[in-house]
Amino acid sequence: MNQGNAAVTGRIVAKAWADDAFKARLLADPEAVLREEGVDLPASVTVRVAVDTDAVRTLVLPAKPVDLTEEELGRVVGGGDPSYCANWCLCCANCAI
């Protein structure tokens, strides 16, 4: 996901917080809602929406990028280089990427 999609994702999260009907649609058919909101998703992608609560937190473990060298992977793991973020995951509305 590019920076434009990250901004859209933040708007979608805010909209879901403010509008219970929108949140219900997002939970029921996230791909359709995301496309309606301008997120570019390939037809082959499945999106899962998880709702955090006081008692439940969601940790998204993105797929390991196959094109990173061990050195690049070390920078990602150490948090030193966010340019390798798997920023397609839609999990972080505050992502700096």
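Guide: Terms first: a residue is exposed over 50% relative accessible area, buried under 20% and partly exposed in between (1.4 Å probe, protein chains only). The model is predicted, so local features need pLDDT of at least 70 and side-chain atom pairs pLDDT 80 or more, while totals for chains, interfaces and linings use all residues. Residues are numbered from 1 along each chain as its sequence is written, and side-chain values use heavy atoms, without hydrogens or water.

Visitor: Fine. How many helices and strands does the protein have?

Guide: There are four helices and zero strands, both taken as DSSP runs numbered from the N terminus (helices H or I, at least four residues; strands E, at least two). Read from the N terminus, the order is α-α-α-α.

Visitor: What share of the residues is buried?

Guide: Of the 97 residues in the protein, 24% are buried.

Visitor: And what about long-range contacts? How much do residues 24 or more positions apart account for?

Guide: They make up 40% of the contacts with a separation of 6 or more. A contact here means heavy atoms within 4.5 Å.

Visitor: Charges next. How many salt bridges are there in the whole structure?

Guide: The search finds three. The criterion is a side-chain nitrogen of Lys or Arg within 4 Å of a carboxyl oxygen of Asp or Glu. In general, side chains of opposite charge can pair when their charged atoms come close.

Visitor: Which residue does Arg11 pair with?

Guide: Arg11 is bridged to Glu37, with 2.5 Å between the closest N and O atoms. Arg11 belongs to helix H1 (residues 3-18) and Glu37 to the loop between helix H3 (30-36) and helix H4 (70-77), so this bridge ties together parts that are 26 residues apart in sequence.

Visitor: Buried or exposed, that Glu37?

Guide: Glu37 is buried, at 12% relative accessible area. Its partner Arg11 is partly exposed, at 41%.

Visitor: Which other salt bridge does Glu37 make?

Guide: Glu37 also meets Lys15, at 3.0 Å from N to O. Lys15 is in helix H1 while Glu37 is in the loop between H3 and H4, so this pair ties parts 22 residues apart in sequence. Lys15 has a relative accessible area of 33%, which makes it partly exposed. Arg11, Lys15 and Glu37 are thus linked in a network of salt bridges.

Visitor: Where does Glu36 come in? Which residue does it bridge to?

Guide: Glu36 pairs with Arg25, and the closest N and O atoms are 3.0 Å apart. Here Glu36 is in helix H3 and Arg25 in helix H2 (residues 20-28), eleven residues apart, and the pair links distant parts of the chain. Glu36 is exposed, at 52% relative accessibility. Arg25 is partly exposed, with 39%.

Visitor: Changing topic. Which residues make up the largest nonpolar core?

Guide: Ten residues in all: Val8, Ile12, Ala16, Phe22, Leu26, Val33, Leu34, Val39, Leu41 and Val47. H1, H2 and H3 are the elements that give two or more residues to this core. A nonpolar core is a set of buried Ala, Val, Leu, Ile, Met, Phe, Trp, Tyr and Cys residues joined through side-chain atoms within 4.5 Å.

Visitor: Which element gives the most to this core?

Guide: Helix H1 does, with three residues.

Visitor: Take Ile12, then. What does it touch?

Guide: Leaving out residues up to four places away in sequence, Ile12 touches Phe22, Leu26, Leu34, Glu37 and Val39. Glu37 is the residue that joins Arg11 and Lys15 in the salt-bridge network. Ile12 itself is listed in the core, as are Phe22, Leu26, Leu34 and Val39.

Visitor: Now Lys23. Where does it lie?

Guide: Lys23 is part of helix H2. It is partly exposed, with a relative accessible area of 31%.

Visitor: What does Lys23 touch?

Guide: Ala16 and Val51, again not counting residues up to four places away in sequence. Ala16 is one of the core residues.

Visitor: How many residues apart are Lys23 and Val51 in sequence?

Guide: They are 28 residues apart in sequence, with 9.9 Å from C-alpha to C-alpha.

Visitor: One last residue. Where is Asp52 found?

Guide: Asp52 is in the loop between H3 and H4. Val49 has its place in that loop too. Asp52 is partly exposed at 39% relative accessibility, and Val49 is partly exposed at 34%.

Visitor: Which residues does Asp52 touch?

Guide: Arg57 and Thr58, with residues up to four places away in sequence not counted.
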